[in-house]
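Let's take a walk through a protein model, stopping at its charged pairs, its rings and its hollow spaces. Keep the 3D view open so you can find each stop yourself.

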Amino acid sequence: MPSVSMTVNGKAVTGEVEGRTLLVEFLRQNLNLTGTHVGCDTSQCGACVVHVNGKSVKSCTTLALQAEGAEVSTIEGMATNGDLHPIQAAFKEHHGLQCGFCTPGMVMSAADLLQQNQDPSETEVREWLEGNICRCTGYQNIVKAIQAASQEMKG
Amino acid sequence: MAESGIGASVRRKEDNRFLTGKGRYTDDINRHGQAYAYFLLSPHARAKINGIDTSAAKQAPGVVGVFTAADLAADGVGGPICGWVVTQKNGEPHKSPAVSALASDRINFAGEQVAVVVAETLTQAKDAAELIEVDYDVQQAVTKMKDSLSSSAPQLHDDVPGNLCFDWEIGDKAATDAAFANAHHVTKIDILNNRLIPNAMETRAAIGDYDSGTETMTLYTTSQNPHVARLVLAAFMGLGPENKLRVVAPDVGGGFGSKIYVYRDEIVTLWAAKKLDRPVKWVADRSAAFLTDAHGRDHDTHAELAVDKDGTFLGLRVSTLANVGAHNQIFSTATPSYLYGCLLAGQYKTPAVYGEVKTVFTNTAPVDAYRGAGRPEATFVVERLVDKTARELGMDATDLRRKNFIPKDQFPYQSPCLVQYDSGDFNLLLDRAKEVIDYDGFAARRQESAARGKLRGLGLSCWIEACGLAPSAVVGALGGGVGQWESANIKFNPTGSVTVFTGSHSHGQGHETVYAQIVSDQLGVPFDSVEVVHGDTAVVPFGMGTYGSRSGPVGGGAIYKAAQKIIEKGRKVAAHLLEASAEDLEYADGTYTVAGTDRTKTLAEVAFAAYVPHNYPLDEVEPGLDETAFFDPANFTFPSGAYFAEVEVDPDTGHVTIMNMIGIDDVGTVMNPMIVHGQLHGGFAQGIGQALYEQCVYDENGQLITGSLMDYCMPRADNFPMFTTEETNQPCPHNPLGVKGCGEAGAIGSPVAMLNAVVDAIGTDIDMPATPEKVWRALQSRAQAAE
């Protein structure tokens with residue numbers, strides 16, 4: 001089996017994978033980073049979103065080998081020294097999660113949005129989230145949380 | 001109100017772990033040495049199985065076992081069961097065909113589980129499944145209810161003549177017929193309530209684990225009710241005894257009803273673990289979830305409303321066909337009967353109501369309770385019909401409703417449909433809803449839209465539902481297999497922290513927070529000192545789980561009662577410590593005070609004394625501060641609401657834009673407004689999803705056409721505007737917290753408000769979902785008819 005090496009949440013990792021092993025499988029099974037979820041098999045739901053080299057990607061549609069040498073960050077890498085990232089804190093403050101299953105993908109997707117657009121409008125947030133499905137919240141408080149986080153992060 | 005007590009929008013305890021990737025869902029659990037299960041699903045909707053050859057699969061790399069129905073039969077393993085006996089018009093019980101845990105000789109829906117492969121890796125299991133040879137004799141499927149009831153239809157089950165599950169009635173037929181005979185006007189409507197697929201974001205999953213040393217089985221699974229799962233597995237599937245079976249439902253990623261049931265794959269995974277004496281993990285992929293999860297709704301209804309000259313409702317007549325799919329499940333008979341028919345009177349004092357329901361087996365996945373379960377269907381019938389009546393009479397839709405509302409002073413109100421509504425103020429709800437939507441300003445908004453070439457519509461629903469499942473005596477009288485009380489155990493630890501064990505189980509509702517609020521409020525302990533434990537039959541004594549919006553009214557009621565027992569026991573201990581008589585002690589906010597003095601003991605001090613009894617009345621009171629209570633309500637709870645939807649339709653494309661969606665809810669006492677409004681938002685999204693987007697489609701051969709998230713339209717963030725939700729709180733009179741339940745309300749009231757808005761915009765009836773194509777065609781038909 002081929003070997004793959006990458007940096008995950010700042011830590012260098014190496015593992016043996018099959019050619020067909022998906023990045024999400026590598027994260028969940030090899031590295032036990034189970035915060036990244038799988039909610040579908042057609043790349044629609046976005047529960048598996050992580051960052052690869054700073055961009056949000058669906059780790060269920062990325063081969064582990066494609067991430068060779070990449071900087072990968074997952075939901076487990078968002079909080080620092082136990083302090084929630086402002087996006088995580090805003091999700092909690094604004095009740096942007098219920099069952100929590102879509103949440104890691106939502107947070108990672110939102111983090112990429114706020115890198116690209118520091119002050120997104122409600123419409124921009126809603127359109128950005130087109131690739132993330134939540135069945136619990138009706139999205140309302142997710143949108144509020146992301147907008148609140150954008151204000152917090154702008155300082 | 002304390003910052004963390006009842007009524008405060010306390011931020012959720014569970015959120016930190018969910019937000020940091022430390023939630024623990026079933027697929028996040030791995031047992032040492034586990035193998036992986038993959039189910040071979042039938043590609044055909046109806047077939048006879050002549051034989052299954054698993055020999056090649058058994059030889060495939062990594063395979064540790066391949067099993068079929070014959071293996072299960074040899075071990076006496078049973079299949080899914082029905083939990084509610086519905087008595088038909090003719091006095092006979094409904095038909096419930098026997099179902100095995102893997103298909104034995106016959107296939108009745110596409111996706112039915114035929115065999116399971118267990119292998120060292122999931123990919124090996126999948127590869128081996130392709131080597132299983134099934135000799136199918138493929139037969140013509142029947143997927144439509146009317147076809148299934150026809151005399152020429154194929155018979156799905158040998159013991160179910162005519163594919164009829166039951167023919168049931170509610171209400172007074174003679175009185176209703178008489179009301180129609182004297183009517184000034186009769187409005188008639190035909191309605192399809194579209195079939196839905198629940199799609200919790202976490203798919204179903206199970207891990208079977210067997211300890212051959214103690215002969216104990218453990219099932220980790222995505223269940224809304226782990227104790228019920230254990231009971232059913234032990235009593236009906238041969239996977240007991242119950243004292244050797246533990247069911248753990250860890251964090252559960254949404255359910256909406258679909259995780260109430262014990263499914264075939266879960267039964268087989270547990271059994272296979274014992275058979276192979278090693279842990280076995282199974283996780284449904286989304287495709288399997290679409291095919292095998294219980295679907296929702298799927299009614300075909302004709303309804304008529306008889307009215308007097310002035311719009312007074314005289315009688316309501318409803319005839320419904322409900323699809324139960326291939327076989328029954330736990331609530332599949334209760335949902336289209338009692339959970340539907342009992343709500344047909346709606347918010348109105350219609351004196352005579354008669355409903356009849358035929359439930360039909362078809363070659364489709366089983367249909368069972370899905371968020372709202374029967375009550376959205378009833379609300380849809382009543383509120384579509386009332387809206388159409390207003391149109392036909394030329395009356396304002398709000399005036400007609402108001403004229404027929406059950407007045408506030410007539411509660412408790414005996415509905416002609418069995419149930420007794422406990423409380424409500426329907427005028428208050430409607431008044432506030434009209435203010436919030438700016439009802440009087442609608443005409444101007446419609447004009448403004450018209451000036452832009454758009455069609456604007458306003459839709460209303462005034463709804464009531466019955467939840468807080470359920471009063472055990474009532475449920476038992478109606479055929480329910482189990483009473484539906486809830487349990488709670490509150491345990492003070494010696495150093496003053498509190499652990500709460502509940503039989504309810506959260507799958508997103510925030511129980512760890514709300515139950516801690518109740519305990520903090522009643523016992524005066526800091527919110528952060530209260531830990532709520534649920535979802536494990538080895539830890540929680542017993543429970544009925546979470547469905548039917550019961551966790552607040554019933555689960556919360558049990559916690560409240562347990563808290564009162566703690567206070568009473570603590571009083572005896574405090575009396576001893578204070579050298580006073582128990583009757584002289586006053587209790588408030590966690591502290592006992594000798595009346596008229598400043599001598600006090602806190603519950604934490606009492607707890608310490610109770611566990612470390614240096615100075616304790618051991619001859620009068622047992623040590624420990626640990627109380628269990630059960631709560632079984634006297635009646636259902638009856639949340640109600642008034643919802644408005646406002647839409648704009650583009651006549652060129654048929655596209656519906658939601659301009660506004662508001663809801664005024666009476667959900668009784670609100671324990672955590674933040675969570676209640678979150679539940680309502682989610683309910684709105686699922687209800688609007690039904691009204692505008694979602695539709696489960698089978699083709700004539702029984703193939704699921706909408707079998708992925710690319711084909712089944714799940715609502716996205718950009719489908720919705722910001723919703724407005726408010727409450728008017730009429731406390732429920734028969735549970736100690738006054739709570740009515742809010743989990744299903746949004747999904748019950750919103751579909752019909754939204755569809756009424758579309759109908760108002762386009763001026764013609766339309767079925768859900770009102771997709772752009774359907775709306776465009778309706779507009780074209782209307783234009784052609786006008787020519």
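B:Glu646 and B:Arg445 are both buried. Keep in mind that you're looking at a predicted model. These two side chains form a salt bridge, with the closest N and O atoms 2.7 Å apart. B:Glu646 belongs to strand β26 (residues 640–649) of chain B, while B:Arg445 belongs to helix α14 (residues 442–451) of chain B, so the bridge ties together parts that are 201 residues apart in sequence. Why can such a pair form at all? Side chains of opposite charge can pair when their charged atoms come close.

Now slide along to B:Glu648, which meets B:Arg452 in another salt bridge, 2.7 Å from N to O. B:Glu648 sits in strand β26 of chain B and B:Arg452 in the loop between α14 and β18 (455–464), so this pair ties together parts 196 residues apart in sequence. Are the two partners buried or exposed? B:Glu648 has a relative accessible area of 8%, so it counts as buried, because the cut-off for that is under 20%. B:Arg452, at 40% relative accessibility, counts as partly exposed, because its value falls between 20% and 50%. Zoom out a little and you'll find a network: salt bridges that share partners join B:Asp438, B:Arg445, B:Glu448, B:Arg452, B:Arg456, B:Glu646 and B:Glu648.

How many salt bridges does the structure hold over all chains? There are 54 of them. One more to look up is between the side chains of B:Arg401 and B:Asp387, at 3.0 Å from N to O. This one links helix α12 of chain B, home of B:Arg401, with helix α11 (residues 375–393) of chain B, home of B:Asp387, and the two residues are 14 apart. B:Arg401 has a relative accessible area of 0%, so it is buried. B:Asp387 comes in at 5%, so it counts as buried too.

Next, the rings. A search of the whole structure turns up 25 aromatic pairs over all chains. Take B:Trp168 and B:Tyr338: their ring centres are 5.2 Å apart and their planes stand at 75°, so the pair is edge-to-face, because angles over 60 degrees count that way. Here again, distant parts of the chain are linked: B:Trp168 is in strand β7 (residues 164–171) of chain B and B:Tyr338 in helix α10 (residues 338–341) of chain B, 170 residues apart. Both B:Trp168 and B:Tyr338 are buried.

Compare that with B:Tyr348 and B:Phe405, an aromatic pair that is stacked, with 6.0 Å from centre to centre and 15° between the planes. B:Tyr348 lies in the loop between α10 and β15 (352–361) of chain B, and B:Phe405 in the loop between α12 (397–404) and β16 (413–414), so the pair ties together parts 57 residues apart in sequence. Both of these rings' residues, B:Tyr348 and B:Phe405, are buried. Rings can also join up in a group: ring pairs link A:Tyr139, B:Trp463, B:Tyr643, B:Phe684, B:Phe720 and B:Phe723 into a cluster.

Charges and rings meet as well. B:Lys13 lies over the face of B:Phe527, at 4.5 Å from the ring centre. Likewise, the charged end of B:Lys173 sits over the ring of B:Tyr354, 5.8 Å from its centre.

Finally, let's look at the empty spaces. The structure holds eight cavities of 30 Å³ or more. The largest has a volume of about 620 Å³. Its lining is made of 43 residues, and those nearest the centre are B:Gln509, B:Ser549, B:Gln679, B:Cys742 and B:Gly743. Helices α16 (511–523), α17 (551–578) and α19 (673–693) of chain B each supply at least two residues of this lining. Sort the lining by class and you get 20 nonpolar, 19 polar and four charged residues.

The second largest cavity has a volume of about 90 Å³. It is lined by 14 residues, with B:Arg297, B:His299, B:Thr335, B:Pro336 and B:Val367 closest to its centre. Which strand gives the most to this lining? That is β14 (residues 313–325) of chain B, with three residues. By class, the lining of the second largest cavity has six nonpolar, five polar and three charged residues.

Note on methods: Residues are numbered from 1 along each chain as its sequence is written. Chains are lettered from A and ligands numbered from 1 in the order in which they are written. This is a predicted model: local features need pLDDT of at least 70, side-chain atom pairs count only at pLDDT 80 or more; totals for chains, interfaces and linings use all residues. Side-chain values use heavy atoms; hydrogens and water are left out. On a 1 Å grid over the protein atoms alone, a cavity is a set of points where a 1.4 Å probe fits but cannot get out, and a pocket is an open set with protein on both sides within 12 Å along at least five of seven lines; lining residues have an atom within 4 Å of a point. Grid points are joined across faces, edges and corners, and a volume is the space filled by probe spheres set on the points. Helices (H or I, at least four residues) and strands (E, at least two) are DSSP runs, numbered from the N terminus. Ala, Val, Leu, Ile, Met, Phe, Trp, Tyr, Cys and Pro count as nonpolar, Asp, Glu, Lys and Arg as charged, and the others, Gly among them, as polar. Rings of Phe, Tyr and Trp (its six-membered ring) pair if their centres lie within 6.5 Å; planes under 30 degrees apart count as stacked, over 60 as edge-to-face and the rest as tilted. Buried means under 20% relative accessible area, exposed over 50%, partly exposed in between (1.4 Å probe, protein chains only). A charge sits over a ring if NZ of Lys or CZ of Arg is within 6 Å of the ring centre and within 35 degrees of the ring normal. A salt bridge is a side-chain nitrogen of Lys or Arg within 4 Å of a carboxyl oxygen of Asp or Glu.
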